[in-house]
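Please open the model in your viewer and keep the selection tool at hand. The stops below are given in the order in which they can be selected.

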Amino acid sequence: MLTRFLFVVMLAGLTVPQMTAAQCSHARYPQKNVTMTPRTGDYDILHYQLALEVDPETESLTGQMTLTAISTVANLSQIDLDLHPAMTVDHVIDAANQSPLEFTHQDDQLLIVLPAPLGEGDSIQIAIHYSGSPEEGWHWGNIIYSLNFHESAQGWMPCNDRPDDKATFHLECTVPAGLTTAANGKLIEVIDNGDGTETHFWQENYPIATYLIVIHIGEYAVLTDTYPTETDTMDVFYYVRPSEVGPAEESFSSFIDMMTIYANRFGEYPFLTEKMAVATAPIIFAGMEHQTCYTLNPAFLSDQSVICHELSHQWWGDAVTPLEWADIWLNEGFATYSEAIYFDDADITPLPDYMNTLTAAFNDEYPIYNHPDFFPTYVYDKGAWVQHMLRGVMGDEAFFAAQQDYFQTYRDGNASTERYREICEAHYEDDLSWFFDQWVYGAGHPEYKIEWTQIPTAYYEFRTEVRVHQTQPDSTVFQMPLPFRMIARPYPEEDFYDITRFNDQRDQVFLLDTDCCEDSLIFDPENWLLKRNVEIEYKPKFTIEHIIIDDSEGGDGDGAPEAGETFILHIQLKNNFRDDDRVIGRIESEDDAFEFESGYYAQLDWGEILTDSLAWVNTTISIMADTEPHLGIIDLDIGDRRSTLDISLFLGAADILLVDDDGGADFERYFLSELDSLHQFVEHWDTHLRGAPNANRLADYETVIWFTGNQNTETLTAADQAALIDFLEGGGKLFLTGEDIDEDLMVNGNGETFFTDYLRAELITDDRQIPPYMPGVAGDPIGNGLTLRIRGDGGADNQDSPGEIAPLDENTFGSFAYPAGDFSALHYADGARRVVYFAFGLEAITQTNQNFASRKMVLQRVLEYLSGTSTVLPEQTTITVPQRVQLYQNVPNPFNPQTVIRFDLAQPAPVKLIIYDVRGQVVRTLVDRPFEAGSYSVLWDATTNSGVEVSSGIYLYRLETPTATLIHRMTLLR
């Protein structure tokens, strides 16, 4: 349970007494010109002793820094320190004998001439008296705080501002009486000076890098907690503003559990003899990992991922500090992966699911080692993925043993990527340079296409053949163990096999032998690999490539089986994998409508079929005269029933003909499932198997739905257009949908007459950027009141370049539009003829929440319009005033390149809506003006205030009103 202590002092009207000359001024020693030289590592600072006087009224500091340094070379004659020019050095003395030392303070270098050269291993104490108003590294306000990352400690204290020179640090901080301080290490004493000031004594006895030094000063409420150790307890403090006490008690209720989980995984908390603390301050970051007292932006007080991220830095970054900034991934990658470890170990979010949130890992133009942008979000996320994949390669036992060894070996010191690799190799007991070369020192990530088939080799013995293709656009070959899971058929219960194979070629074949027949193959089931654009395709040994129905002699010659007809079924078979000397088959059906030459089945023989070759076979089938229209299923068993294929034939004429013109893709399932749920009587016509339906066949139907999927060439042939023209001229009802129809007909010139005269559309552009949403046109029978979301990521989300179109005449109307653009869908009625044209694929409509229309709803509206039964929905006439200020999650999220941010206001108010990056820097001010009460939407196009496109990553958006400040995160994926 947290214990609460309140320390509250009002800064308004605070009187700070004047210091005496003895307290704040010293005779100035003359500065002499000293030759400035580049900074070196010729010395090592062992200890900083800082006496600091803070004056909030004048926003100035007065300090005496006494540092102890040791020479690491022979004949060291001068020491060059870092100090911002805003700070003025009064004098420098040799602390041993109080004699003045010559110095030069130029730009941000303070060069001190030693009284005599130091030999290697010799030490010296130097006292530097200085003062000034800091311009970096120090921040004034109701909460005064320092923020030294990454080399800003020099903004307010002289130091060797580099990560590899760690030293102990003692602080005597004099502040106005009543203010609370929070700093590194342990608070030893607070002395009332009797003059309206207090001096707070802090001691950090563990070595600390300068960028991790911190001091907070202000009106803090202090919550206390205890962390149990093997023999005792350690104090834990939470310094928060009084208004944050309630949220803090809730947010930090799991803090001790976090510490315990990390101690179990990595080793005991590294600063056990001092304390652990968190202090809130309005820093530009979400948090900053100051040693034993990290800083948390209060806007992230409820964000458990930030809280545990900064805590884990006490191990990764504070106890073990990177040798140089190029190794920063050892801080941020480790800490981000520690988030995943905590959420998994605490049973909040499973490890594979948490890793899926680290999407910035794909922005990998550069390696995570020595990234030119220093530490973008990508270094955090990919660094975490590197840890995760390394864990997958090494196994939990070796991986966590390596983490603990690495921590114990380099705690209180510095480590590098190579030192970390060596520790991991010792526990893995094998070379890992191949892993580090591609994932740490190299860029990019793999993309995979996986094809698999299964062939029985003996009784209850099966061989699964897996072909792995790395499809990333560059020539890089990623070497990784690939996990596969084969799901067995549930006879009598479900079972699975996990098998791993090492992939070190761009194209590679693996043979997996099991004793059961597999229903499915899952690639990387536990999500151990950083990968993208993975395609998994089952390729049966045999597939049907084409079907031709010849009813020219035994029927009406329209290419469709009907009651009383006899037809020849021509089947073209393809052998996808291995040569077969003789392929035989058996064709039969449980449907009594079919009668084969030999009764209820027919025997087929393809003879020899080589791999990837085609062969034709045919059989004669009769349809019983009393057959009602329905879908008939024929079973084709090939190779002694080793492979069974279904042939679906619609017998008679349905209400709707669904023309599947997607080039052999599987987008038909998105149509058939919706049409089935709408109780529509539909014939599915696959042009890839049967060719396009002719005009006679189209005439059998009142309504035709024709979709082209993601084809981009010859979506509608001249013969297709001629058949559709005949159909429309006869009063047909057509719904045509596909993203590249306009490009094929107008840009490629394959059907301008059909486009203009029968679709009645004008092409604005055939390559429209994918929008975040498509609003319906108010009052339109199809679009009214609906908003569409379409995506372009693959599968049904196949949109790369939907068309932008406009009505060609006054009798043609738009149904859906692009934000601030022309239409994406049109319709018109001309006598009995009705046409609906979507310049995008209906299959790509995605309903992610109640704000977007479902594919089923849109298809229902289209069919109602084509049948003439639609009614226009009334416009909304009432406006509901929101009850409170609310900021919603952006839609879509993740997004590229646009997203919509919605917010509610319960009353008129000035509003700011600002985009930040994860470092707290302003990216874009979207809104800064007064608003009336109501609900509002704002579009962000992923650009800065100056119009520059931002890179992929996590961004924050912050809504500020007089009564509320709300923040959400969003992810841009380019």
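Begin with P892, which is found in the loop between strand 50 (residues 886–887) and strand 51 (residues 899–905). Bear in mind, at this stop and at every later one, that what you are looking at is a predicted model. Show the backbone here, and you will see that the peptide bond running from V891 to P892 is cis, with omega near -5°. Then move along to P894, which is also found in the loop between strand 50 and strand 51, and where the peptide bond from N893 to P894 is cis, with omega near 0°.

Next, select two residues for their backbone angles. N75, in the loop between strand 3 (60–71) and strand 4 (76–82), has a positive phi of about 60° although it is not a glycine. With a relative accessible area of 62%, N75 is exposed. T292, which lies in the loop between strand 20 (287–288) and strand 21 (294–296), likewise has a positive phi, near 65°, in a residue other than glycine. T292, however, counts as buried, at 0% relative accessibility.

From T292, turn to C293, which is buried at 0% relative accessibility, and then to C173, which is buried too, with a relative accessible area of 0%. Why do C173 and C293 not form a bond? The sulfur of C173 has its closest cysteine sulfur in C293, but the two lie 13 Å apart, which is too far for a bond. A disulfide is a covalent bond between the sulfur atoms of two cysteines. In this structure the number of disulfides is zero.

Now show the charged side chains, among which 22 salt bridges are counted. Which residue does the side chain of D164 meet in a salt bridge? The partner is R162, with 2.7 Å from N to O; D164 is partly exposed, at a relative accessible area of 30%, and R162 counts as partly exposed as well, at 23%.

Select D345 and R265 after that, since they form a salt bridge in which the closest N and O atoms are 2.9 Å apart. This pair links distant parts of the chain, with D345 in helix 5 (residues 329–345) and R265 in helix 3 (residues 255–266), 80 residues apart. D345 is partly exposed, its relative accessible area being 29%.

Another salt bridge to select joins D524 and K531, whose closest N and O atoms are 2.6 Å apart, and here both D524 and K531 are buried. For a wider group, select E562, E683, R690, R697 and D700 together, which are joined into one network by salt bridges that share partners.

Then go to helix 9 (417–428), where T417 has its place. T417 counts as buried, at 1% relative accessibility. If you add L604 to the selection and draw a line from C-alpha to C-alpha, it spans 64 Å in space, while the two residues are 187 residues apart in sequence.

Finally, select E429, which lies in the loop between helix 9 and helix 10 (433–439). Is E429 buried or exposed? At 71% relative accessibility, E429 counts as exposed. Add D430, D431 and D437 to the selection, and you will have the patch of negative charge that these residues form with E429 on the surface.

Notes: Residues are numbered from 1 along each chain as its sequence is written. This is a predicted model: local features need pLDDT of at least 70, side-chain atom pairs count only at pLDDT 80 or more; totals for chains, interfaces and linings use all residues. Side-chain values use heavy atoms; hydrogens and water are left out. Patches are made of residues with over 30% relative accessible area and no salt bridge: like charges are joined within 9 Å, nonpolar side chains (Val, Leu, Ile, Met, Phe, Trp, Tyr) within 5 Å. Accessible areas come from the Shrake-Rupley method with a 1.4 Å probe; for residues, only the protein chains shown count as cover. A salt bridge is a side-chain nitrogen of Lys or Arg within 4 Å of a carboxyl oxygen of Asp or Glu. Lys and Arg count as positive and Asp and Glu as negative; His and the chain ends are not counted. The place of a charge is taken as NZ of Lys, CZ of Arg, CG of Asp or CD of Glu. Helices (H or I, at least four residues) and strands (E, at least two) are DSSP runs, numbered from the N terminus. Buried means under 20% relative accessible area, exposed over 50%, partly exposed in between (1.4 Å probe, protein chains only). A disulfide is a pair of cysteine sulfur atoms within 2.5 Å.
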